[in-house]
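Me: I have a model open and want to go through it with you. Short answers are fine.

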Amino acid sequence: MNSLTNCTVSIIGAGGKMGTRISNNLIGKEFTLNLCEKSDEKIKAMIDRNLTISSMEEVIPLSDFVILAVPDIYIHKISREVSPLMKKDAVLITLDPAAAYADQLIVNDHCTSIVAHPCHPSIFLEKYTKEEYDDAFGGVAARQEVVVAVHKGDESKLESALELISLMYTPVEKCHVITVEQMAILEPTLVETITCMVGTLLKESLEETKKLGVPEEAAKAMLYGHIQIALSVALKGTNPFSDACMIAIDLGKEAIIKSDWKKVFEKENLDYTISKMLKLS
């Protein structure tokens, strides 16, 4: 018998993007699952899938785990509604670190809050099936890792929470237990402020290349192939960059990147970014 048997799990925002992904992975497991949703449009879509929608006020007091699958900007408001309803020793799971880091996550003293965010399948992941190749986001077929942090409360709750988290984001290869602050450094700073920004820069660069008359198929072939080799060389050291390439890299940094760009890792900048993301005054 696993530690989740006879548990009750409730998902708030079960009809949203992440709520749907998580629900799909938890339906049919050996515990009671409640799906809560307030959007009429999303409720209709859930009913069309033959899913039962539960009242938050009725099921949260019975829940051992409550998952907030809602956008960051609503975490403060919704956790303020949810927290008083939770029973003693229950666990509140949120999916992003921003609200917890910025003290916008409301948790009762008798409960535990945990943040769990998927890393998404690695660019270096070995894939064997079409389903794995098609699963860029994770949670369907491709293996991924997860970062997890105890925000407040009883750390002994982590073991059973990790079991649930592994099901939420399945198939999971490994869960990395870190702190909320460390998770915030990872996201937004490392993966959104920097990595996602670079992704949009690559897209804009492709468009500029096409404007110069380079056929789109040829441009995409060169870009997509060189994204893979550039990441392999830079992050895994599979081969060194050529001397000529290093000259171009240095000129590119000089032209595109500010010399003080690493200040985005400073706490002051992290706090500012999260406050903007959460639309805090």
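Me: Starting at a random spot, is Asp89 buried, partly exposed or exposed?
Reply: Asp89 is partly exposed, with a relative accessible area of 37%. Keep in mind that this is a predicted model.

Me: Which side chain does Asp89 meet in a salt bridge?
Reply: That of Lys88, at 3.5 Å from N to O. Lys88 counts as exposed, because its relative accessibility is 60% and the cut-off for exposed is over 50%.

Me: How many salt bridges does the structure hold?
Reply: The count is 14.

Me: Which residue does Lys77 pair with?
Reply: Lys77 forms a salt bridge with Glu81, and their closest N and O atoms are 2.8 Å apart. Both residues belong to helix α4, residues 75-82, and they are four residues apart, about one turn of the helix.

Me: And what is the exposure of those two?
Reply: Lys77 is exposed at 51% relative accessible area. Glu81, at 28%, is partly exposed.

Me: Where do Asp134 and Lys130 lie?
Reply: In helix α6, residues 130-134, again with a spacing of four residues, about one turn of the helix. Their side chains meet in a salt bridge of 2.6 Å, N to O. Asp134 and Lys130 are both exposed.

Me: Which residues do salt bridges with shared partners join into one network?
Reply: Lys203, Glu207, Lys210, Glu216 and Lys220.

Me: Switching to rings. How many aromatic pairs turn up in the whole structure?
Reply: Zero.

Me: What sits over the ring of Phe137, then?
Reply: The charged end of Arg21, 3.7 Å from the ring centre. Elsewhere, Lys236 lies over the face of Phe124, with 4.8 Å to the ring centre.

Me: Now the surface. Which residues make the nonpolar patch?
Reply: Among them are Ile185, Leu186, Leu190, Met197, Ile257, Trp261 and Phe265, and the patch covers about 860 Å².

Me: Which helix gives the most to the nonpolar patch?
Reply: Helix α8, residues 180-211, with seven residues.

Me: Where is Ile257 placed?
Reply: In the loop between α10 (243-256) and α11 (267-277). Ile257 has 41% relative accessibility, so it counts as partly exposed.

Me: Going inside: which residues of the largest nonpolar core touch the most other members?
Reply: Ile12, Val66, Leu68, Val82, Met86 and Leu92, out of 30 residues in that core. Elements that each supply at least two residues of this core include β3 (65-68), α4, β6 (144-152) and α8. The largest share comes from α5, with four residues.

Me: What does the secondary structure of the chain come to?
Reply: It amounts to 11 helices and seven strands. Of the 281 residues in the chain, buried ones make up 35%.

Me: What box do the C-alpha atoms fill?
Reply: Roughly 65 × 45 × 35 Å, taken along the principal axes. To put one distance alongside that, the C-alpha atoms of Glu57 and Ser205 are separated by 50 Å, and these residues are 148 residues apart along the chain.

Me: Where is Glu57 found?
Reply: In helix α3. Glu57 has a relative accessibility of 46%, so it counts as partly exposed.

Me: Last topic, backbone geometry. Which residues does a cis peptide bond join?
Reply: Thr170 and Pro171, with omega at about -5°. Pro171 is in the loop between α7 (158-168) and β7 (172-177).

Me: What is phi of Asn6?
Reply: Near 75°, a positive value in a residue other than glycine. Asn6 is in the segment before β1 (8-12), and it is exposed at 67% relative accessible area.

Me: And what is the phi of Lys279?
Reply: About 55°, so positive, although Lys279 is not a glycine. Lys279 lies in the segment after α11. With a relative accessible area of 65%, Lys279 is exposed.

Terms used: Residues are numbered from 1 along each chain as its sequence is written. This is a predicted model: local features need pLDDT of at least 70, side-chain atom pairs count only at pLDDT 80 or more; totals for chains, interfaces and linings use all residues. Side-chain values use heavy atoms; hydrogens and water are left out. Rings of Phe, Tyr and Trp (its six-membered ring) pair if their centres lie within 6.5 Å; planes under 30 degrees apart count as stacked, over 60 as edge-to-face and the rest as tilted. A charge sits over a ring if NZ of Lys or CZ of Arg is within 6 Å of the ring centre and within 35 degrees of the ring normal. Patches are made of residues with over 30% relative accessible area and no salt bridge: like charges are joined within 9 Å, nonpolar side chains (Val, Leu, Ile, Met, Phe, Trp, Tyr) within 5 Å. Accessible areas come from the Shrake-Rupley method with a 1.4 Å probe; for residues, only the protein chains shown count as cover. A salt bridge is a side-chain nitrogen of Lys or Arg within 4 Å of a carboxyl oxygen of Asp or Glu. Buried means under 20% relative accessible area, exposed over 50%, partly exposed in between (1.4 Å probe, protein chains only). A nonpolar core is a set of buried Ala, Val, Leu, Ile, Met, Phe, Trp, Tyr and Cys residues joined through side-chain atoms within 4.5 Å.
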